[in-house]
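Open the model in your viewer and keep the selection box at hand. We will make a few stops, one selection at a time.

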Amino acid sequence: MVVPIYNAAPHIAQTLRSVQNQSLSNWELIAVDDGSSDDSLAIVSGLFGDDPRVHLVSQPNAGVSMARNRGVALSHAPLIAFLDADDLWHPDKLALHVAYHTNHPDVGVSFARVAFLSPEGSPTGLLAALPLESHRPVDFLCENPTNTTSNWVLRRQVFDSVGGFVADMSYSEDLEWLLRVACDGRWPIAGLPQVLTYYRTSAGGLSSSLQRMEQGWLRLISEARGYAPELVARHFATAQAIHLRYLARRSLRLGGAPSIGTDFMLRSLRSDWRILLGQPRRTVLTALAVFARQLLAPFGRLGGRHDKARSC
């Protein structure tokens, strides 16, 4: 398994304990410290001591894609799993994936169902949708079926054949890699129904910069036009509408300026208004929440000034 680490001191111990608690014990862990300036390195060393299964390497900060690529290059196992430094695994995560790949030698990438945690690591009660039995390339262009790289287990042969993550991508680099695998067509991507991965939502994590997330997704599109031009041409408008709607919904959780969410939602509908018909519940609920927040914003500002005046 490959764990990229960058200033992860608040959560890395809990994450790595979920590795130590795996029911399958025959594993190797490559922890790649990507130029952390906090105590991450000391925490990892303290947790594993001289465990021969663990290899800790450091590099100047180069981004999550370079860290994962280096970890894979240093690993030896036929199956590869990724684990982000703030996510957690179920104790049977590795055992169930290994059994699945043993029984399904044609499958190149497997993933499981995801449960969402609060930034503090508490269960939110929210679960990702049940994984589909099979996926088409368009599924990775329009949606994010696996939710997080921490959810993947893949055959080394797949990584060697399609190549690693695009080195200078830090957003949507995971979806781009999966889309590349799906477009290649040689290895099915399949889901397990069990909840085996716990994804920590965080306003301060990689996903906090909505503008950079949009730029990252547009970079994915640029990469995909190189190997799947017809797919992109046919589905770009809908895929962009769905992604902008996701960013509008995420702006609600982050609590930034209401105009940011409104801009994402309006551009989503301009890109392809038909998502109102194809996915009415998610689209209408997101639009109502975003536009209501925009309409109520002036009253919130007036209330704030009134309260301040009263306090003076």
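What is the mean pLDDT of the protein, and what share of its residues reach 70 or more? This is a predicted model, so colour it by pLDDT, the predictor's confidence in each residue. The mean is 91. A pLDDT of 70 or more is reached by 94% of the residues.

**Stop one: a low-confidence stretch.** Select residues 302-312. Here pLDDT stays under 50. The model gives this stretch 0 contacts beyond four places in sequence. Where pLDDT is low, predicted coordinates should not be read in detail.

**Stop two: a pocket.** Select N26, W27, A77, L79 and V98. Of the 14 residues that line the second largest pocket, these lie nearest its centre. Now add β4 (79-81) and α4 (93-103), the elements that each give two or more residues to that lining. The pocket has a volume of about 280 Å³. Colour its lining by class: 11 residues are nonpolar, 2 are polar and 1 is charged.

**Stop three: a helix.** Select α7, residues 173-184. Set a distance between its end C-alpha atoms: they are 17 Å apart. Why does that agree with expectation? At 1.5 Å a residue, the 12 residues of α7 should span 16 Å, so the two values agree.

Is α7 mostly covered or uncovered? It is mostly covered, with 10 of its 12 residues buried. Among the buried residues are W177, L178 and L179, and also E173, D174 and R180.

**Last stop.** Select G185, which follows α7. The phi of G185 is positive, near 85°.

Conventions: Residues numbered from 1 in each chain as written. Predicted model: local features only at pLDDT ≥ 70, side-chain atom pairs only at ≥ 80, totals over all residues. Heavy atoms only, no water. 1 Å grid on protein atoms, 1.4 Å probe; cavity = no way out; pocket = protein on both sides within 12 Å on 5 of 7 lines; lining within 4 Å. Points joined across faces, edges and corners; volume = space filled by probe spheres on them. Helix = DSSP H or I, 4+ residues; strand = E, 2+ residues; numbered from the N terminus. Nonpolar A, V, L, I, M, F, W, Y, C, P; charged D, E, K, R; others polar. pLDDT = per-residue confidence, 0-100. Contact = heavy atoms within 4.5 Å. Expected span 1.5 Å × (residues − 1). Buried < 20%, exposed > 50% of the residue type's maximum accessible area, 1.4 Å probe, protein only.
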